[in-house]
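Please consider the predicted model shown below. The discussion that follows concerns salt bridges and the solvent accessibility of the residues that form them.

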Amino acid sequence: MKDDGMNSVRPTTCRGLSYPEVGATRLGPLPDGYHHLHHTTRIGCGRAVFDAAGEAVTTWRMHRTSGARVRSAAVRAEPGARLQVSVGVGPLRFAAPCEVIWTAYERNRTGFAYGTLAGHPERGEESFVVDIRDDGSVWFTVMAFSRPARWYTRLAGPLVPVLQKWYARRLGHTVRRLAADRYWR
C-alpha cells in the first residue's frame, strides 16, 4: 500500500514475521512487553548532508560500513525486501533475518524499518530515519522494540540492551562520517 506516493507500508499481514505489532516504529507508541531503544545523533547541516545520509541508510551502506554484513537481493529499502544482517567475528557471528516493513522517502525524512523473521536472535522491529529540521540540522534516529527470541539472547539478559545501544551509537557515527565524506567530495 502507498501513502502520499512517497511512503510505503507493508500490509500488517506480513507472513513470517516473528512479532504481531508490525509497523509500531512508524506509528507509535512502542508496544509494552519489549525493551525500547531510542537513540538520536546529529549528523550535520544542510540538504546535501541529508541526501547523503538518507542514501547511506536506505542502501544498506550504513550497516556495511559499520562492520555488519548485509545480504539482500534489494539494492535499497522497499517494503517486503528481505535481508540478513550479521555481526560478529568467525564462529561468533550472529545472523539476523529481517524484512523491510515500511519506508519513508520524503522531502524532509528518509528511512525505513525492518522486522524480525524466524531465526532472528530477537523479536521486534527497528527503524532507521534521517530527518532535516527547520533550522537545517540533520538528525539520525534509531528506534526499536525487541525481546529475546533465542536461548542465547535470553541468557545474555541485560547485556543485550547495552549492546543494542552501543550499535545504535555506532550507526549514528557511521552515518555522520558517510554523509560528511560524500558532502566534501
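Glu106 has a relative accessibility of 28% and is therefore classed as partly exposed. The side chain of Glu106 forms a salt bridge with that of Arg109, at an N to O distance of 4.0 Å. Arg109 is likewise partly exposed, because its relative accessibility is 25%, and a residue has to fall under 20% to count as buried.

This pair belongs to a set: the structure contains four salt bridges. Another of them joins Glu78 to Arg76 through their side chains, with 2.9 Å from N to O. For Glu78 the relative accessibility is 28%, so this residue is partly exposed. Arg76, with a relative accessible area of 36%, is partly exposed as well.

Which side chain meets that of Glu99 in a salt bridge? The partner is Arg82, and the N to O distance is 3.0 Å. This contact connects distant parts of the chain, since the two residues lie 17 residues apart. Glu99 is located in strand β6, which covers residues 94-105, while Arg82 is located in strand β5, which covers residues 82-87.

Is Glu99 buried or exposed? Its relative accessibility is 0%, and Glu99 is therefore buried. Arg82, on the other side of the salt bridge, has a relative accessibility of 44%. That value places Arg82 in the partly exposed class, because exposed residues must be over 50%. The salt bridge between Glu99 and Arg82 thus pairs a buried glutamate with a partly exposed arginine.

Methods:
Residues numbered from 1 in each chain as written. Predicted model: local features only at pLDDT ≥ 70, side-chain atom pairs only at ≥ 80, totals over all residues. Heavy atoms only, no water. Buried < 20%, exposed > 50% of the residue type's maximum accessible area, 1.4 Å probe, protein only. Helix = DSSP H or I, 4+ residues; strand = E, 2+ residues; numbered from the N terminus.
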